[in-house]
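Work through the exercises below with the model open. Each task is followed by a solution in steps.

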Amino acid sequence: MSQQPLETVFQEWHDNQAFAEQMIPLIGSLYRHNNVVTTLYGRSLFNRSVIRILKDHRFVRKVEGTELSVQDTLPLVQAMTELNLGPAHVDVGKLGVAFKKRGGGDAKAFLREELAEIVDTHDPSGSNGQSKDVVLYGFGRIGRLLARVLVEKAGGGNLLRLRAIVVRGRGDIAKDLEKRASLLRRDSVHGPFDGTISVDYEARTITANGNVIQVIYADKPSDIDYTAYGIDNAVVVDNTGIWRDEEGLGQHLECKGVSKALLTAPGKGDIKNIVFGINHGDIVAEDNILSAASCTTNAIVPVLKVLNDEYGIECGHVETVHAYTNDQNLIDNYHKGDRRGRSAPLNMVLTETGAAKAVAKALPELSGKLTGNAIRVPIPNVSMAILNLTLGRETDAEALNDYLRRMSIDSSYQKQIDYVDSPEVVSSDFVGNRHAGIVDAKATIASGKQAVLYVWYDNEFGYSCQVVRILQHISNVHFLKLPRAQG
C-alpha cells in the first residue's frame with residue numbers, strides 16, 4: 001500500500017471521529033428535550049463514546065451486508081433536531097440504510113415522510129405522564145444491575161423513578177451504607193458505574209447521577225411504611241427469591257405505598273411468568289403480582305417462539321451451560337441441593353433447570369415438547385443454551401440463520417433476539433449485552449428436520465434489561481418505535 005492510501009485511511013478515521021463528536025450533543029438534546037431515544041439497529045446511541053458510536057456503525061455491515069458510516073447518519077440526526085419531534089425510539093441506522101438506498105437527497109424531507117407520526121408533536125411543557133415509583137427489595141447481583149439500568153434510563157420519557165432499596169440492617173449503618181454504595185460503584189464483572197455516587201449517612205440515602213435513593217433497613221416487608229418516605233403506588237421488585245408464591249409476595253402488597261410486586265425469579269402457582277416481548281400482552285390491570293421468569297427462560301423463549309412460528313417444533317431438549325451463582329459454594333461445603341455443595345470455581349456441576357418446563361407458561365403451544373438440564377461452569381457470568389430441536393419441516397443452517405438474522409434486526413423481537421456471525425466470539429464478549437439471548441450463527445447445525453442452535457445470554461445484565469421492560473409495561477411507559485418493524 002502506498003503512502004497516499006495509508007494517509008487517506010488515517011484521515012478518514014479522524015474525520016469519522018469528528019462527525020461522531022458532532023453527533024453526541026445532538027443525540028443528548030433529542031433525548032433530554034424531545035424524549036427521543038436514538039438507536040442504531042437496536043443499540044442505543046445515547047450516552048455513548050465516540051469509539052462506541054463508530055463500532056456500532058461497523059456492526060451494520062455484519063447484519064445488513066451494507067456499509068453505514070457516521071457521515072451517512074449525522075445529516076439525519078441534525079435534521080431530527082429541527083423537526084420538533086415528539087417522544088419515540090428512532091432507529092437512525094435503519095433510516096440511514098433506507099436513505100442511502102434511496103440515493104440520499106433532502107434529509108429533512110425524507111424524515112418528514114418516515115417520521116410523520118412524531119413530526120411537530122413535541123410538547124414543550126414536558127408533560128409526558130405520571131412518574132412511577134420503583135423499590136428494589138434486595139440489593140444483590142440483580143438488584144444492583146437493575147439500579148444501574150434504572151438510573152441510566154431516568155429521563156427521556158422513561159418515567160420510572162428508583163426511589164428506594166430495602167436491605168437487612170447489620171450493625172454499623174454508616175459502614176453498611178458505604179459498602180452498599182461501593183458495590184454499586186464497582187463491579188468485578190460489569191465494570192465501574194457510569195457516573196457519580198455519593199452517600200448521605202444521616203438521611204440514609206445513596207445519590208447516583210442525581211437520583212436520590214432511600215436505603216430502608218428491614219427484616220421483613222411488614223416492617224415498612226413506604227409512604228413515610230414519600231413513596232406511593234410503587235412497584236416493589238423482589239430480588240431476594242425468598243418468596244415465590246402469592247402468599248409470600250402478597251406481603252409486599254400489604255405495605256402502605258405499594259401497588260404491585262414483581263419477582264425476579266420463576267413464580268409458583270398461578271403467578272404469571274412473563275417473558276417480555278412474548279407474553280407481556282397477557283398482563284391485565286388486576287395482576288398485582290407477577291414474575292419475570294428466569295434468565296434462561298427469557299433467553300430461549302423468544303428464539304423458540306420465532307422458530308415455532310416459522311417451522312413448527314415437534315420436540316426438543318434444552319441444555320444450559322450456566323455461569324455459577326451465589327447459591328453455590330466457593331469451596332466444598334454443605335448444600336441442601338444435589339451437587340451444588342461442591343466448589344463452583346473448581347468444577348462443572350450437573351444440576352437441574354426448570355427452564356424447559358417454564359417455557360410452557362409463556363408458550364403454551366410448546367407444553368410437554370421440551371426437556372432440559374443444566375451444567376454450572378466455572379465462570380461468573382454469561383451462559384449458553386443449546387437448543388436441540390426436531391422441527392416441523394426441513395431446513396438447512398443457511399436458511400435457518402438468515403431467518404433468525406432477519407428476526408433480530410427487523411421484527412418485534414429485536415430487543416429480545418440478538419445475532420452474531422463470528423468464528424472468534426467467546427462468553428466474555430457478551431458481558432453487558434442487553435438482549436435476552438444472542439444466536440451464534442457460526443455454531444448452528446441443521447439437516448432435514450433436526451436443528452441445533454446455540455444461544456448466548458448475559459444471565460445478569462440481559463435479564464435485568466428484560467425486567468426493566470416489564471416494569472415499563474406495567475407502569476404504562478410505552479414508546480413508539482420508528483421506523484416500524486417489517487416482520
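**Charges over rings**

The model is predicted. In it, the charged end of Lys 94 sits over the ring of Tyr 41, 6.0 Å from the ring centre.

**Exercise 1.** Find the ring whose face Arg 43 lies over, and give the distance from the ring centre.

Solution. Start from Arg 43 and look for the ring beneath: the ring belongs to Phe 59. The distance from the ring centre is 3.7 Å.

**Exercise 2.** State how many aromatic pairs the structure holds, then classify the pair formed by Tyr 31 and Phe 46.

Solution. Step one: the count is five aromatic pairs. Step two: the ring centres of Tyr 31 and Phe 46 are 3.8 Å apart, with the planes at 20 degrees. Step three: planes under 30 degrees apart count as stacked, so the pair of Tyr 31 and Phe 46 is stacked. Step four, location: Tyr 31 belongs to helix H1 (residues 3–34), while Phe 46 is in the loop between strand E2 (43–44) and helix H2 (50–64). The two are 15 residues apart, and the pair links distant parts of the chain. Step five: Tyr 31 and Phe 46 are both buried.

**Exercise 3.** Repeat the analysis for Phe 430 and Trp 456.

Solution. Step one: the centres lie 5.1 Å apart and the planes are at 25 degrees, so Phe 430 and Trp 456 are stacked. Step two: Phe 430 is in the loop between strand E17 (417–420) and strand E18 (437–440), and Trp 456 is in strand E19 (residues 445–457), so the pair ties together parts 26 residues apart in sequence. Step three: buried means under 20% relative accessible area. Phe 430, at 5%, is buried, and Trp 456, at 11%, is buried.

Terms used: Residues are numbered from 1 along each chain as its sequence is written. This is a predicted model: local features need pLDDT of at least 70, side-chain atom pairs count only at pLDDT 80 or more; totals for chains, interfaces and linings use all residues. Side-chain values use heavy atoms; hydrogens and water are left out. Rings of Phe, Tyr and Trp (its six-membered ring) pair if their centres lie within 6.5 Å; planes under 30 degrees apart count as stacked, over 60 as edge-to-face and the rest as tilted. Helices (H or I, at least four residues) and strands (E, at least two) are DSSP runs, numbered from the N terminus. Buried means under 20% relative accessible area, exposed over 50%, partly exposed in between (1.4 Å probe, protein chains only). A charge sits over a ring if NZ of Lys or CZ of Arg is within 6 Å of the ring centre and within 35 degrees of the ring normal.
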